[in-house]
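Thanks for coming. I will go through one model this morning, starting with a term and then working from the whole chain down to single residues.

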Amino acid sequence: MSGKDSSLVNIGFGNTVVNARIVAIVTPSSAPMKRLREDAKNEQRLIDATHGRKTRAIIITDSNHIILSAVQPETLSQRYSGDGASARSGIKEP
C-alpha cells in the first residue's frame, strides 16, 4: 500500500481507519441502516468507536465490518477526501 491507500482517517477520540478500507460513510437514521447495525452486532462485525456518545455516522468497510462514529458524516467525508479544513478551522470534535 502506498500514498492515499495507507493513509488513516480519524473517526474520533483517537480512533483511525485505513482510508483504502472504507466503502461508505452513511447516516444512521434510516431503517435500513438501523437493520445493518443490528445485523452486524448479531454477527459480531460491529465496532463501536463512539465512546458512549450519540452515533452520528456509520462507516462500512470492505471487510463488511460496521464502524460507529460520533463524528458527523460530512466531517468524515472531508477527512477521507484529504480536505483537513474542518480540523484546521477549529470545529470541535466530540
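First, pairing: two strands count as paired if DSSP finds at least two bridges between them. Strands themselves are DSSP runs of E with at least two residues, helices are runs of H or I with at least four, and both are numbered from the N terminus.

With that in hand, take the hairpin of strand 5 and strand 6: four residues lie between the strands, and Asn 64 there has a positive phi near 70°.

Now the ground rules. This is a predicted model, in which local features need pLDDT of at least 70 and side-chain atom pairs count only at pLDDT 80 or more, while totals for chains, interfaces and linings use all residues. Residues are numbered from 1 along each chain as its sequence is written, and side-chain values use heavy atoms, with hydrogens and water left out.

On confidence, pLDDT is the predictor's own score for each residue, from 0 to 100. The protein averages 88, and 82% of the residues score at least 70. Residues 85–91 fall below 50, and beyond near neighbours in sequence that stretch has four contacts in the model, a contact being heavy atoms within 4.5 Å. Where pLDDT is low, the predicted coordinates should not be read in detail.

Next, the layout. The protein has three helices and six strands, in the order β-β-β-α-β-β-β-α-α from the N terminus. Of its 94 residues, 31% count as buried; buried is under 20% relative accessible area, exposed is over 50%, and partly exposed is in between, with a 1.4 Å probe and protein chains only. Exposed area comes to about 5700 Å², and carbon and sulfur atoms supply 49% of that; the areas come from the Shrake-Rupley method with a 1.4 Å probe, and for residues only the protein chains shown count as cover. Among contacts between residues at least 6 apart in sequence, 48% join residues at least 24 apart.

Strand 5 is a useful place to start on the detail. How many of its residues are buried? Five of its five. Both faces are covered, with Ala 57, Ile 59 and Thr 61 on one side and Ile 58 and Ile 60 on the other. Strand 5 runs antiparallel to strand 3 (residues 22–26), with four bridges joining them, and Val 26 sits opposite Ile 58. Strand 5 also pairs with strand 6 (residues 66–69), again antiparallel and over four bridges; there Ala 57 has Ser 69 as its bridge partner.

At the other end of the order, strand 1 and strand 2 (residues 15–18) are antiparallel and joined by four bridges. Val 9 stands opposite Val 17. Two residues separate the strands in this hairpin, where Phe 13 takes a positive phi near 60°.

Which residues make up the largest nonpolar core? There are ten: Val 9, Ile 11, Val 17, Ile 22, Ala 49, Ala 57, Ile 59, Ile 67, Val 71 and Leu 76. Strand 1 (8–12) and strand 5 (57–61) each supply at least two of these. A second, separate core has six residues, including Met 33, Ala 40, Ile 60 and Leu 68. By core I mean a set of buried Ala, Val, Leu, Ile, Met, Phe, Trp, Tyr and Cys residues joined through side-chain atoms within 4.5 Å.

Helix 1 gives a geometry check. The expected span is 1.5 Å times one less than the number of residues. For the twelve residues 31–42 that should be 16 Å, and the end C-alpha atoms are 17 Å apart, which agrees. Just after helix 1, Gln 44 has a positive phi of about 55°.

Three single residues to finish.

Leu 8 lies in strand 1 and counts as exposed because its relative accessibility is 52%. Leaving aside neighbours within four places in sequence, Leu 8 is in contact with Thr 16, Val 17, Val 18 and Asn 19.

Thr 55 is in the loop between strand 4 (46–48) and strand 5. Is Thr 55 buried or exposed? Its relative accessibility is 12%, so Thr 55 counts as buried. With the same neighbours left out, the contacts of Thr 55 are Pro 28, Arg 37, Thr 50, Leu 68 and Ser 69.

Ser 77, in helix 2 (residues 73–81), is partly exposed at 35%. Ser 77 and Ile 25 are 52 residues apart in sequence, yet 7.2 Å apart in space, C-alpha to C-alpha.
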